[in-house]
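Work through the exercises below with the model open. Each task is followed by a stepwise solution.

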Amino acid sequence: MLYLVGTPIGNMADMSPRAIETLRSADVILCEDTRVTGILLNNLGIEGKKLISYHEHNKASRKDMVTELLSKDLNVVQVSDAGMPVISDPGEDLVTIAAENGFEVTCIPGPTAAMTAAALSGIDARSIHFEGFLPSAGSARTDRLAALSKSEDTLILYEAPHRIVKLCEDLVKTGFAGRKVAFCRELTKRYEEVIRLNTEDAKDYFEKNPPKGEFVVVIEGNSASAGSESVITEEKTEELKEYLIKSGLSIKDVAKALSIATGRGKNEIYKELLDADR
Ligand code: SAM
């Protein structure tokens, strides 16, 4: 049988008794990094387990091996380095293997950074879009953000600390100006912190307080998107325009951001900005 087992995201005490028991009874443990899982087992006093690496880069070549283990009726347990398997981590393919071949599969749930952040953020958690990691750069990143900015759902992102300042900049450029945002860092760990800001103040904050540790970013949904053309008032549009110009963006980028925020045509705004500049 296949077991997906959730492991702590920083605090060992979050390991559930059922998760410990499942690891104890495993014949084989598939893990992202055998060293990380080795430390976990060591902390739990579990010895002599067969650990096999299973990660993004070798999962395709492990398919036959996993099928063989399951067909021998062994207890195959899968864990990621931290948190829930499958959630921005490997595991999905294993569930597919089990489902397609008629092997039993279950999940022993544990903490996940996304939902811990959703609970702590103070931002509406009734309807959530979990995006995980964005593309790291370029138009793939800004286009994806621009598309996400139209949604009423609260958005949850995973982001590396060295990209947090860039994210703050990108959010304002892509239609998230004026929204509540919660930067949830080091969840369940000693230096856990939730930094609640407005997207427009975030870049400034992190330039003064360089981001450290692991981050989940929770961003308020677009409350004005339902049925309304313009998503912000005229006064706020003026404020946003001033802010974007002062941030040193090109007129083209300012026009693009204002177009996303107001629903008006990019070229029309671009012309107005050029005229005003003369
Ligand atoms: N499967 C994991 C889960 O269930 O949350 C996520 C794995 S993903 C590869 C790792 C990302 O999750 C980190 O880069 C960070 O964005 C987020 N993360 C993991 N642990 C965290 C923590 N303790 N505090 C804040 N963010 C965390």
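**Exercise 1.** Is Val86 buried, partly exposed or exposed?

Solution. This is a predicted model. Step 1: take the relative accessible area of Val86, which is 28%. Step 2: apply the cut-offs; buried means under 20%, and exposed means over 50%. Step 3: Val86 is therefore partly exposed.

**Exercise 2.** Which sign does phi take at Val86, and where does Val86 lie?

Solution. Step 1: read the backbone angle. Phi of Val86 is positive, about 80 degrees, although Val86 is not a glycine. Step 2: place the residue. Val86 sits in the loop that runs between β4 (76–79) and α4 (92–101).

**Exercise 3.** Repeat the analysis for Ser88.

Solution. Step 1: Ser88 also is not a glycine, yet has a positive phi of about 55 degrees. Step 2: the loop between β4 and α4 holds Ser88. Step 3: with a relative accessible area of 32%, Ser88 is partly exposed.

**Exercise 4.** Describe the largest pocket, then explain where it lies with respect to the domains.

Solution. Step 1: get the volume. The largest pocket holds about 460 Å³ of space. Step 2: list the lining. It counts 24 residues, and Ala82, Ala113, Phe133, Tyr158 and Glu214 are the closest to the pocket centre. Step 3: sort the lining by class. There are 13 nonpolar, four polar and seven charged residues. Step 4: find the strands. β7 (154–159) and β10 (215–219) each contribute at least two lining residues. Step 5: assign domains. Domain 1 (2–111) and domain 2 (114–225) both give residues to the lining, so the largest pocket lies between them.

Terms used. Residues are numbered from 1 along each chain as its sequence is written. This is a predicted model: local features need pLDDT of at least 70, side-chain atom pairs count only at pLDDT 80 or more; totals for chains, interfaces and linings use all residues. Side-chain values use heavy atoms; hydrogens and water are left out. Helices (H or I, at least four residues) and strands (E, at least two) are DSSP runs, numbered from the N terminus. Buried means under 20% relative accessible area, exposed over 50%, partly exposed in between (1.4 Å probe, protein chains only). On a 1 Å grid over the protein atoms alone, a cavity is a set of points where a 1.4 Å probe fits but cannot get out, and a pocket is an open set with protein on both sides within 12 Å along at least five of seven lines; lining residues have an atom within 4 Å of a point. Grid points are joined across faces, edges and corners, and a volume is the space filled by probe spheres set on the points. Ala, Val, Leu, Ile, Met, Phe, Trp, Tyr, Cys and Pro count as nonpolar, Asp, Glu, Lys and Arg as charged, and the others, Gly among them, as polar. Domain bounds come from an automatic or database domain assignment.
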